[in-house]
Protein chains: 2
Amino acid sequence: MTTRTDAPSRREQILKEAARLFAERGFHGVGVDEIGAAVGISGPGLYRHFAGKDAMLAELLVGISGRLLTGARRRLKEAGDGAAPAGPEAVLDSLIEGHIDFALDDRPLITLHDRELDRLRDSDRKLVRQLQRQYVELWVQVVREVYPHLPEPAARSAVHSVFGLLNSTPHLARPGALPGRADTAALLHRMARGAFAAAAGAE
Amino acid sequence: MTTRTDAPSRREQILKEAARLFAERGFHGVGVDEIGAAVGISGPGLYRHFAGKDAMLAELLVGISGRLLTGARRRLKEAGDGAAPAGPEAVLDSLIEGHIDFALDDRPLITLHDRELDRLRDSDRKLVRQLQRQYVELWVQVVREVYPHLPEPAARSAVHSVFGLLNSTPHLARPGALPGRADTAALLHRMARGAFAAAAGAE
DNA sequence: CAGGCAGGTTAGCGGTCGTTAACCTGAAGG
DNA sequence: CCTTCAGGTTAACGACCGCTAACCTGCCTG
């Protein structure tokens, strides 16, 4: 059978370029003509695929938040399966690894994720915030299993701060001039664990 | 003599409100009429104080980068003075403390600092980037004094990541619902030190 | 008291931008 | 072969926005 699931399908092509442009110059800083030009069509042709410029941003942000959350849930469940369920430390490592993969592979989306949220319609913004909140709470629970005496507010602050740390990848040198992906991922992972440990240390 | 250095001087008032609005809705998302309204005058009255909207953003970003850098240099020098010069660990703590103070006191500026840089004229952008680079290099040097066996590229990445961690404060709950300023500062400080230690740990 | 100037005001211009309207075209289907 | 339709095109509209022009006004100063 010839089902080609890898077809980039124009729609996804548009979303990818739009994400890049929005991340580079901000939502209001990019015109629809530019987005069209980036995929080889021009201006209003985009309206055959999306209801409007807002709809592109909405689909991007909902998609990001959703994928982050479902990925985290999958990792949590996988850790719980198996004959010997993994300890909370392994689950935390898995969450960190997943977030790093995302931050390294989809830099533009990471940038958009906490930058253009306020440009959404109320309903979309609520949805995205809800997904984000669930993602955070999932992390908070795991962190508190690893460090049981860390109070919940401190754990939540720590999670947000570690997100800030992991999401700093867009600032880490433009092309591949830096120490290779694997090394960067390892460094970020170590720092995240170190930050959590220190958060739980003196409190 | 009657020199009142505390006069909020309209100009600073405008800058403060502009910073808040830019941080909330993005540079392109805010109109000059809104900025004017925020300080009680309306629209074009701003042009008595600034050459244009771009000039406000430029002054904000140059000001931030400059204050961060001069603050860090001052702390470095103060540590070197005195009969018993402070060790590198104390200097690093001082840098972290200064950055946290800034992040907690000027949230809108922190947000603008790495978000709207590309909206500047070439000359201003170069200046800001140069100031930022010097600030980063200053941190890198101090970090490498504390952890001498940490290679420079890793140290630079670690510094950027810690900035991401410290600059996450805008995401930490809107009003003062969270655990008080001092506790937040202490938590961030601990996490930053833990992250650096972990960065130097396995490499 | 005259004059200048700092610091406002409103009206309006010129450009840009998101969106719609109207039209075109090539490929698939009966 | 005719129709249909997905996926484009260009033209143009309406709104908005940054900025300028022209004018006003109270305060300081000689």
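This tour goes through a predicted model of two protein chains and two DNA strands, one selection at a time.

Residues are numbered from 1 along each chain as its sequence is written, chains are lettered from A and ligands numbered from 1 in the order in which they are written. Because the model is predicted, local features need pLDDT of at least 70 and side-chain atom pairs count only at pLDDT 80 or more, while totals for chains, interfaces and linings use all residues; side-chain values use heavy atoms, with hydrogens and water left out.

**Stop 1: chains A and B**

Select both protein chains. A turn of 180 degrees with a shift of 0.0 Å along the axis lays chain B on chain A with an RMSD of 0.1 Å. That is the relation of a two-fold axis. The superposition is by least squares on the C-alpha atoms of residues with pLDDT of at least 70 in both copies. Of the interface residues of chain B, 100% are also interface residues in chain A, so the copies meet through the same surface.

**Stop 2: DNA strand C**

Select DNA strand C and the residues near it (a heavy atom within 4 Å of the strand). There are 15 of them, the closest being Tyr47(A), Lys53(A), Arg10(B), Arg48(B) and His49(B). Of the atoms of DNA strand C that come within 4 Å of the protein, 52% belong to sugar and phosphate.

Now show the polar contacts, meaning pairs of N or O atoms within 3.5 Å; within protein, one atom must be able to donate a hydrogen and the other to accept it, and residues adjacent in sequence count only if both atoms are side-chain atoms. Which part of DNA strand C lies 2.3 Å from a polar side-chain atom of Tyr47(A)? The partner is a phosphate oxygen. His49(B) also places a polar side-chain atom by a phosphate oxygen of the strand, at 2.7 Å. With Val30(A), a backbone N or O atom lies 3.2 Å from a phosphate oxygen of DNA strand C.

Colour this surface by class: it has six nonpolar, five polar and four charged residues. Nonpolar covers Ala, Val, Leu, Ile, Met, Phe, Trp, Tyr, Cys and Pro; charged covers Asp, Glu, Lys and Arg; the others, Gly among them, are polar.

**Stop 3: DNA strand D**

Move to DNA strand D. Here 15 residues surround the strand, and Arg10(A), Arg48(A), His49(A), Tyr47(B) and Lys53(B) come nearest. Sugar and phosphate make up 53% of the atoms of DNA strand D that come within 4 Å of the protein.

Select Arg48(A): a polar side-chain atom lies 2.2 Å from a base oxygen of DNA strand D. On chain B, a side-chain N or O atom of Lys53(B) is 2.6 Å from a phosphate oxygen, and a polar backbone atom of Val32(B) is 2.9 Å from a phosphate oxygen. The surface near DNA strand D divides into six nonpolar, five polar and four charged residues.

**Stop 4: salt bridges**

Side chains of opposite charge can pair when their charged atoms come close. Over all chains, the structure has 36 salt bridges (a side-chain nitrogen of Lys or Arg within 4 Å of a carboxyl oxygen of Asp or Glu).

In chain A, select Glu17(A), Arg20(A), Glu24(A), Arg25(A) and Glu34(A), which salt bridges link in a network. In chain B, Arg25(B) and Glu34(B) form a salt bridge of 1.9 Å, N to O. Arg25(B) is partly exposed at 30% relative accessibility, and Glu34(B) is partly exposed at 34%. Buried means under 20% relative accessible area, exposed over 50%, and partly exposed in between (1.4 Å probe, protein chains only).

Next, select Arg193(B). Is this residue buried or exposed? Arg193(B) is buried, because its relative accessible area is 16%. Its salt bridge with Asp93(B) has the closest N and O atoms 2.9 Å apart. The pair joins helix α8, which holds Arg193(B), to helix α4, which holds Asp93(B), across 100 residues of chain B. Helices are DSSP runs (H or I, at least four residues), numbered from the N terminus. Asp93(B) is partly exposed at 26%. Arg193(B) also forms a salt bridge with Glu89(B), at 3.0 Å between the closest N and O atoms. Glu89(B) is in helix α4 (residues 88-105) and Arg193(B) in helix α8 (residues 181-202), 104 residues apart. Glu89(B) is partly exposed at 44%.

**Stop 5: Arg129(B)**

Finish in helix α6 of chain B (residues 122-146), where Arg129(B) is found. Arg129(B) is partly exposed at 37% relative accessibility. Leaving aside residues up to four places away in sequence, Arg129(B) is in contact (heavy atoms within 4.5 Å) with Leu117(B) and Asp118(B). Leu61(B) is 68 residues from Arg129(B) in sequence and 9.8 Å away in space, C-alpha to C-alpha.

Note on methods. Helix = DSSP H or I, 4+ residues; strand = E, 2+ residues; numbered from the N terminus.
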